[in-house]
Amino acid sequence: MAGVLEGVRVLDLSWGIAGPMATMLLADHGAQVTKIEPPGGDPFRSQLGYRVWQRGKRSAELNLKKAEDLKTFLDLAAHADVLVESFAPGTTARLGIDYARLSAQNPRLIYCSITAYGRDNPHSGRPGYDALVAARAGLHWEQRGWPEGAINHMSGVEDPFAEVEIPLEWLQGAPRPGPLFPASYWPSLGAFFAASTAISAALRAREVTGRGQWVETSLLQGAFACASGVWQKAERIDVPMFNSWILGSRSPKGHFECADGRWIHNWVPNPRFLLTASAGEKLDATPDLKARNDPDRFGTGPEEVLVMMHYQPLLAEAVHKFPAREWVEAAAVGGMTIQDVRPPEEALTDPLFLKDGCVTELKDPELGPLRQVGVTYRLSANPSPITRPAARRGEHTAEVKREAASLAGRPAPAPAAGRKLGAPLEGITVLDLGLAIAGPYGTQILSDLGATVIKVNALYDTYWHSNHIAYMANRGKRSIALDLKDPRAMKVLRQLVEKADVVQHNMRYDAAQRLKIDYESLKAINPKLIYCHTRGFETGPREGLPGNDQTGACLAGVQWEDGGMSGGGKPLWSFNSLGDTGNGFLSAIAILQALYHRERTGEGQFCDTSIVNAQLLNTSYVVARPDGSGFERPRTDKRQVGHGVVSRLYETREGWLCVVLPAQEHWDRFCIATGLESLAADERFATAALRASNGAVLEPLVEARMRERTAAEWFKVLDAAQVPCEVSDPKFSLRLHEDPEFRRRNWVAAYEHPFVGKLNQIGLLFDFSATPGRIQGPPLIVGQHSREILAELGYSAAEIEELCKDCVLAWSLKEGHRKVRSPWQPQAPAATENKT
C-alpha cells in the first residue's frame, strides 16, 4: 500500500514557511517533491524549521535566468502534476514560468501560488514577511483580543464592564497595553493549511475534469483563517446566547501556576473541580466532578466575567497547592480538560507522541538525529511513513538534470476526457456528526469547496449553535436534528449514510461504537464510504481524555512559545490559534485525498487526525535532539514585542510599528534612516549574532529613538529607505467587511441570518481558476432542514410529523422550533431520552 500521492510529481519553487510546509505534507504522503533552489540555495535555508519542512524532497540548484537551466525546468514542468511557488506577483511572468505558459504546454498542471496579499489589490506590492502581514492586518492586536470582546469590538460597542477593575496578573499576555508579537507564524500557518487544502481539492477535481488549474492563496488569507472567530460582525448582537466573554482580553483564561512553578491550563475553568479536588492535603478527583454535572459551571454570557472575578484568586490559590503533574493526573480521573504548559522541545521527547507517530525521528545529514513533527493525518488504505530527512543544498542537481533531459521532447500527458465541475466537491455529500469547532470547521471547508454538507445535530444543540463561536464553523450546511437513541432516528441516519460520500465526526470513538456509527458499522451500509474521525490527542492513553484547542496548544508548546515563557513570560492562548481549526483543515485535507484515491480506485477508507497534530505543525519550526536538548533559535521575549531587533514591534510616540531586518543590509539601512549610524559602526552590533547576544544593551537604545516619532512618521521614513516595515493597524478589522476588493473576491462574506440579522464573516481562503469555491449560505439553525431532508428520503408528511413529535427537531422561520422535551426532563417509562 503506497502513499495516497504516490506517482504525483511536484516542483517546489517556494520559500519561507507556507510553501515549504505545504510541499512537505505532499512529500509525507508519497509525492515526489523536487525543490528548485537558486544558485547558492534558498535564502531562508538557515531557518531551523527547514530541517523539517524540506524533508522527503530532492534538492536541485537551477538558475532560471540562464537559458540552459530554464529549459531544464520547463522540461520538468511539462510532466509535473503540481507546482508550488511563492514569488511576488508578476515575477513568474518575467521569468517565463507563469501559469499561462506552463499550462499551455501541460494542461493537467495544478499551479499553486502563495503570495503575501494576493494579486491586483492595494496590498499586493507590500513586503511579504510573516510579521509584517500580521502587523498590516492588525493580527498582533487579536492575540489576546479587546477589552470589550470580539463581537462588541466589531460592532463598535464599548466594554460593558469597563468600570470593573481587573488585576493584570489575572489576565494573559504581557502586563502592558498594545499589540502582542507571538512566536507562532500565524499568517504563514494559515496560508499553509489553505494551500494544502486547495492543492488536494484540485487533485480530486482533476480526476473528474481531466484538467489542472491555477489555485491561489496568500498570507493575508492565512491571517483571515486565523481571525475567523474574532472577525465576525453581526447586526443584532444582543440576541439571547449569541455574545460571550470568551474572546475578550479582560476575562481570565484558566491559566494557573502550580506548586512546582509550572503552569496548567484548565479550559473552560471549572471552579467546582479545582476547589473540591484541592480541599484536602492531597488532590482528590474521585468524586464525580465532571463539568457536565456541574450546575454552577461558568456560562458563556458576557456577564460571567463578574463571576470569574470572584473565583480567580480562589482558584489560583487552590491550584498553587499542588504540582502540575498531579493536576494533570487528577484531571484525567475527573474527565477535565487540563494539561500542563510545556516547551516544544519537551513535546518532541514525549514517548506517547513518538509511539503514535505524530512525532518522528530522522537523521539529519548535518545535525544528526532530530525529533520533529511526524505524520499528522492517516489514511487506512494509504499508510505513508516518513523516512527521509531534508536533503543537502543541490544534492540531487545532477539527477534532476538527467531526468529533465530524458523528458525533453516527450509530449506532456494529454488532458483526459472528463465532465465539468462548478466547484471542486460538486456532487459530494458529507454527513457532519461533529462537535464544537474542531470537527465542524473541517466540514465547513468542504462546504466552501462545493460539497453538500448535512449537519446531524442532537435535539439539544440549539444552545451551542446560538453562540457566535459556533457560527464560525457551521455556515453553508443543512441541518437535521435527531435523537440517535431512538431507533426511528437511527434509521434516518442510516438512510443518509447510504447516500453519503463522507462521514466526519470528532466524538469519542467509543461513543460512536456504542451508537453503532463507527467505521465498521457504517462501512457495512456503504462500502465506498470515506469516514474521518478526529480526536483531541494522539492515540494511546490520552486518546479518551477530553481535549480542545487549549490542551493541544499546551502539549505541543504553542502556549509556551507565544507567551515568551523561555524568557520568563506567562502562557498565552492566542485567539488566532490554529488548533481546533487546524484539526479541521487536516480532516478536510485527509478527506480530499481519500476522495482523490476513491476516484482512482473506487475504494473508500478510514482517515484520522487530531488537534494535537495540528498544534505540532504550528510549532514545527522547532526540532530537538533525542535527549530533549534544543538548538539556538529566535524566541519571543516575555514582553511579547518580538525577537530582539531583528523582527519586532516598537512602541512609538503614537501607535506601534513592526520592523523586520532579515539581512545585514536592512540593519544598515535602518540605522541610517533612524539616525543611529553609530550603532551600525559599533563592533558590539556588527553581526546578527552579536546584535542578539548584546540585545540587553542595544534594544533600549533603539526603543528610545523609535519613541521620538509616530508610527506613521517612521513608516514613511523607513519605507522610503527600503526597510521592511508596517504600522501595526488596530483598525484593519473594522474596515475589513467594507473593502470592495475583498468582497469581490469572496474573501469576506455577508448574508442575512434569521437570528442576528446581517452577518459578516471571513469568506473563501483559496481561489481556483476553473472550479471556484462557493459560500453556500449563513450558519445553520438546528433542525432548519429536518423536514425537507426527511421528504427527500421518501417520508410522507404524516410520517414526518410523527417523527417530529419526539425524536426529530424541526425549525422553520414561521414556526420556530417545535416543542420538544428537554433531554434532562423527567419522562414516563415508555418515552425516549437523549442524554449528554
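In the predicted model, Phe 193, Ala 194, Ser 196, Thr 197, Ser 200, Ala 201, Leu 203, Arg 204, Glu 207 and Val 208 of helix α8 are in contact with Gly 582, Phe 585, Leu 586, Ile 589, Leu 592, Gln 593, Leu 595, Tyr 596, Glu 599 and Arg 600 of helix α24. By character, the residues of this contact between α8 and α24 comprise 11 nonpolar, 5 polar and 4 charged. Helix α8 spans residues 186-209 and helix α24 spans residues 580-601, and their axes, which come within 9 Å, cross at roughly 20°. Because angles under 35 degrees count as roughly parallel, α8 and α24 are described as roughly parallel to each other. The crossing in which α8 passes α24 is left-handed.

Helix α8 also packs against helix α25, which is formed by residues 611-618, and here the angle is about 125° with the axes 11 Å apart. At this angle α8 is therefore oblique to α25, and the crossing in which α8 passes α25 is right-handed. On the side of α8 the contact is made by Trp 186, Leu 189, Phe 192 and Phe 193, and on the side of α25 by Ala 614, Leu 617 and Asn 618. The residues of this contact between α8 and α25 divide into 6 nonpolar and 1 polar, with no charged residue. Phe 193 is listed in the contact of α8 with α24 and also in the contact of α8 with α25.

Attention then turns to helix α15, which covers residues 397-407 and in which Thr 397, Val 400, Glu 403, Ala 404 and Leu 407 are buried. When α15 is seen down its axis, these buried residues fall within an arc of 125°, so they line one face of the helix. An α-helix has 3.6 residues a turn, so residues three or four places apart point the same way. Arg 402 and Ala 405, by contrast, are exposed on the other side of α15. The buried residues of α15 are covered by elements that include the strands β1 (9-13), β2 (32-37) and β3 (57-61), together with helix α3 (67-77).

The packing of α3 with α15 can be described in further detail, for the two helices meet at an angle of about 65° and their axes lie 8 Å apart. This angle makes α3 roughly perpendicular to α15, and α3 passes α15 in a left-handed crossing. Asp 69, Thr 72, Asp 75 and Leu 76 of α3 make the contact with Val 400, Lys 401, Glu 403, Ala 404 and Leu 407 of α15. The residues of the contact of α3 with α15 are divided into 4 nonpolar, 1 polar and 4 charged. After α15 comes Gly 409, which has a positive phi, near 85°.

In helix α34, made of residues 797-806, the buried residues include Ile 800, Leu 803 and Cys 804. Around the axis these residues cover an arc of only 100°, which puts them on the same side of α34. Ala 798 and Lys 805 are exposed residues on the face of α34 that is turned away from its buried side. The elements against which the buried residues of α34 pack are α19 (487-499), α33 (786-792) and β27 (808-809).

Some features of the backbone are found in loops. Most residues other than glycine have a negative phi, and most peptide bonds are trans. In the loop between β7 (233-234) and β8 (255-257) lies Met 241, whose phi is positive, near 75°. With 36% relative accessibility, Met 241 counts as partly exposed. Ala 436, which is located in the loop between β14 (429-432) and α16 (440-448), likewise has a positive phi, of about 55°. Ala 436 has a relative accessible area of 41% and is therefore partly exposed. The peptide bond from Trp 267 to Val 268 is cis, its omega being near -5°, and Val 268 belongs to the loop between β9 (263-266) and α10 (271-277).

A further loop residue, Phe 685, sits between α27 (677-681) and α28 (688-693), and at 0% relative accessibility Phe 685 counts as buried. When its neighbours within four places in sequence are left aside, Phe 685 is in contact with Trp 667, Leu 679, Leu 690, Arg 691, Asn 694, Val 697 and Leu 698. Of these contacts, Trp 667 is 18 residues from Phe 685 in sequence, and the distance between them in space is 9.9 Å, C-alpha to C-alpha.

Definitions and conventions. Residues numbered from 1 in each chain as written. Predicted model: local features only at pLDDT ≥ 70, side-chain atom pairs only at ≥ 80, totals over all residues. Heavy atoms only, no water. Axes fitted to C-alpha atoms, helices over the stretch in contact; angles between N-to-C directions. Helix = DSSP H or I, 4+ residues; strand = E, 2+ residues; numbered from the N terminus. Parallel < 35°, antiparallel > 145°, perpendicular 65-115°, else oblique. Left-handed = near helix turned anticlockwise from the far one by under 90°. Contact = heavy atoms within 4.5 Å. Nonpolar A, V, L, I, M, F, W, Y, C, P; charged D, E, K, R; others polar. Buried < 20%, exposed > 50% of the residue type's maximum accessible area, 1.4 Å probe, protein only. Arc of directions from axis to C-beta.
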